[in-house]
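Visitor: I would like a close look at a single part of this model, with its surroundings explained as you go. Please give each cut-off when its term comes up.

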Amino acid sequence: KDTDRILGGTYGMLVLQDFEALTPNVLCRTVETVEGGGVVVLLLRTMTSLKQLYSMAMDVHKRFRTEAHQSVVPRFNERFLLSLALCPSALFLDDELNILRVSAGDVARQPPPKSLDDSEDPQLTELKAQLKESPLLGPLLALTKTLDQAKALMAFADALGEKSLRHTVSLTAARGRGKSAALGLALAAAIGLGLSSIYVTAPSPENLKTLFEFTFQGLEALGYKENLHYDVQQSTNPELQKAVLRVNIHKAHRQLIQYLQPADAPKLIHAELVLIDEAAAIPLPLVRQFFGPHLVFLA
């Protein structure tokens with residue numbers, strides 16, 4: 001029930017212990033927060049054969065049992081395990097860490113040789129060189145890691161540069177591609193361009209950890225110093241783990257970044273920019289309420 005709190009985060013290891021409570025939605029939501037090269041561990045109770053999982057009663061099956069239909073065929077379990085058996089990076093172990101031969105060639109398979117070429121995309125390098133002298137985009141583009149991320153940042157900057165603040169810019173990509181990071185850098189660009197009233201929303205303030213991390217990196221690259229040019233207000237609720245709720249900037253003039261709950265859209269007052277992160281996890285009627293006579297960035 002708490003999986004929505006980890007959206008927008010990046011983790012090195014994931015342990016899923018209660019297999020019976022697993023659903024496809026929970027599985028995708030959690031697995032896709034693991035960074036490249038990370039580890040996903042599924043813990044199962046002792047059984048004589050993995051085929052027992054095919055007929056395991058899952059918690060979610062209770063919803064579908066009726067007087068007329070008492071039995072539920074767990075097709076997801078079988079398909080999920082068969083897909084794992086075909087996965088080249090999956091490994092099955094017993095409680096004594098013995099490798100189980102689920103699919104042929106598991107043990108004999110050798111890892112691919114590590115690439116020694118960690119050089120940056122030539123197009124991204126060229127783009128950074130072209131805009132290096134730009135006082136705003138130069139420092140921010142230096143923080144991007146992929147060409148798509150750089151293009152997204154430039155699209156956000158173009159919208160911010162328009163005199164009419166009535167555009168909506170939507171960024172779509174698979175999880176883990178750097179959407180929140182690009183939004184964070186765009187937020188730093190908005191501060192650099194002088195926007196005064198900025199609101200940010202997400203299902204939970206914890207989902208904005210990556211966004212604010214890159215916002216602060218972007219502000220530092222633009223010459224802003226914490227406590228000197230801006231101060232950060234964090235939540236005192238222990239459950240939110242010091243999530244950022246508000247940022248006050250006072251370098252050139254008073255500027256504000258304020259977190260709003262998705263249901264608090266009517267509280268938008270004189271907003272110039274609204275950022276919606278993890279928009280897919282927010283009900284569409286609530287997302288629509290954030291649209292208005294201001295810029296809207298969503299991912």
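Strand 8 and its surroundings

Guide: Strand 8 and strand 9 (residues 295–298) pair in the parallel sense, with 4 bridges between them. Strands here are DSSP runs of E with at least two residues, helices are runs of H or I with at least four, and both are numbered from the N terminus. Two strands count as paired if DSSP finds at least two bridges between them. The model is predicted, and local features need pLDDT of at least 70, side-chain atom pairs count only at pLDDT 80 or more, and totals for chains, interfaces and linings use all residues. Residues are numbered from 1 along each chain as its sequence is written, and side-chain values use heavy atoms, with hydrogens and water left out.

One bridge to strand 9 joins L273 to L295. Strand 8 also pairs with strand 4 (residues 197–201), again in the parallel sense and over 4 bridges. There, V200 has L275 of strand 8 as its bridge partner.

What covers the two faces of strand 8 (residues 273–276)? L273 and L275 are buried on one side, and V274 and I276 are buried on the other, so both faces are covered. Buried means under 20% relative accessible area, exposed means over 50%, and partly exposed lies in between (1.4 Å probe, protein chains only). In a regular strand the side chains alternate between the two faces of the sheet.

Past strand 8, the loop that leads to helix 8 (284–288) holds E278. Phi of E278 is near 55 degrees, a positive value in a residue other than glycine. Most residues other than glycine have a negative phi. E278 counts as buried because its relative accessibility is 12%.

N227 also has a positive phi, about 75 degrees, although it is not a glycine. N227 sits in the loop between helix 7 (209–221) and strand 5. Its relative accessible area is 66%, so N227 is exposed.

On the way to strand 8 from strand 5 there are further places to look at. Q233 belongs to strand 5 (residues 230–234) and is partly exposed because its relative accessible area is 38%. The C-alpha atoms of Q233 and N248 are separated by 8.2 Å, with their positions 15 residues apart along the chain.

Q258 is placed in strand 7 (residues 255–260). Its relative accessibility of 17% is why Q258 counts as buried.

D264 forms a salt bridge with K267, and the closest N and O atoms are 3.9 Å apart. A salt bridge is a side-chain nitrogen of Lys or Arg within 4 Å of a carboxyl oxygen of Asp or Glu. The count by this rule is 1. D264 is partly exposed because its relative accessible area is 22%.

V169 offers a last stop, in strand 3 (residues 168–170). At 17% relative accessibility, V169 counts as buried. V169 and A299 are 130 residues apart along the chain, and their C-alpha atoms are separated by 8.7 Å.

To return to the part in question: strand 8 pairs in the parallel sense with strand 4 and with strand 9, and its residues L273, V274, L275 and I276 are all buried.
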